[in-house]
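Here are a few notes to read alongside the structure. Keep the 3D view open and follow along point by point.

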Amino acid sequence: MNDYINFNFKIEEPWIWEGLEAPDDPLNELSDLEMGLRLFCFEWNHKVSLEVGDTKKDIFLDPDVVLIIEELPDKIAQLSKGKKGDIHFPESYLILELVPMGDTINCNLRNFGYSTEQKNFQLNKSQFLEVLTNFLEEIVSKAVAGGYIKASEGEEFLKPIHQQAILPKNI
């Protein structure tokens with residue numbers, strides 16, 4: 001089956017969202033990595049384009065990606081093993097429900113909130129995983145380059161993806 005729908009998840013232009021507050025950790029519960037990634041997403045906030053087929057949604061590093069970034073490596077690894085999963089963007093009222101089936105991923109794109117919308121797509125599994133992995137590696141690479149996290153922290157953070165041999169390590 002070669003009739004897969006295109007999937008893209010890429011960083012676009014800078015985005016200033018008035019009213020967002022800088023991340024803090026008054027109880028010192030977050031690791032340096034967690035705090036560094038949160039601070040990076042806040043200070044380097046950009047619009048992120050999510051494209052599934054002919055549907056394009058704009059989300060943001062902060063508040064959308066920052067809420068899920070810590071779970072993305074494990075979600076990518078689980079999907080690569082054929083296990084289903086969801087990616088929630090609660091601030092943008094959006095959910096990707098993902099069910100791997102062989103070389104494909106059945107993607108149910110749902111909007112929720114005041115109105116609900118749902119679309120179903122068949123995605124190429126390897127292309128989907130590659131796009132998500134590249135996105136995450138780009139975030140980590142920029143966070144390392146900006147001094148938000150250490151290179152060793154970035155490598156450790158991405159380990160669940162690289163252990164699955166989804167893609168070669170780019171950091």
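1. Start with who touches whom along the chain. Among contacts with a separation of 6 or more, 54% are between residues 24 or more positions apart. Keep in mind that this is a predicted model.

2. Next, the overall shape. The C-alpha trace covers about 50 × 40 × 30 Å along its principal axes. A compact globule of 171 residues would have a radius of gyration near 16 Å, and the protein has 16 Å, so the two agree.

3. Now inside versus outside. Of the 171 residues, 41% count as buried. The accessible surface adds up to about 9100 Å², and carbon and sulfur atoms own 47% of that.

4. On to the parts list. You'll find four helices and seven strands here. Walking from the N terminus, the order goes β-α-β-β-α-β-β-β-β-α-α.

5. How do you describe two packed helices? You give the angle between their axes and the distance between those axes. Try that on α2 (residues 72–80) and α4 (residues 151–163): the angle is about 10° and the axes sit 8 Å apart. Because angles under 35 degrees count as roughly parallel, α2 is roughly parallel to α4.

6. Which residues make that helix pair meet? From α2 come P73, D74, I76 and A77, and from α4 come F157, P160 and I161. Sorted by type, the residues of this contact are six nonpolar, one charged and no polar.

Methods:
Residues are numbered from 1 along each chain as its sequence is written. This is a predicted model: local features need pLDDT of at least 70, side-chain atom pairs count only at pLDDT 80 or more; totals for chains, interfaces and linings use all residues. Side-chain values use heavy atoms; hydrogens and water are left out. Axes are lines fitted to C-alpha atoms, for helices over the stretch in contact, and angles run from 0 to 180 degrees between N-to-C directions. Helices (H or I, at least four residues) and strands (E, at least two) are DSSP runs, numbered from the N terminus. Angles under 35 degrees count as roughly parallel, over 145 as roughly antiparallel, 65 to 115 as roughly perpendicular and the rest as oblique. Contact means heavy atoms within 4.5 Å. Ala, Val, Leu, Ile, Met, Phe, Trp, Tyr, Cys and Pro count as nonpolar, Asp, Glu, Lys and Arg as charged, and the others, Gly among them, as polar. The radius of gyration is taken over C-alpha atoms; the globule rule is 2.2 Å times the number of residues to the power 0.38. Buried means under 20% relative accessible area, exposed over 50%, partly exposed in between (1.4 Å probe, protein chains only). Accessible areas come from the Shrake-Rupley method with a 1.4 Å probe; for residues, only the protein chains shown count as cover.
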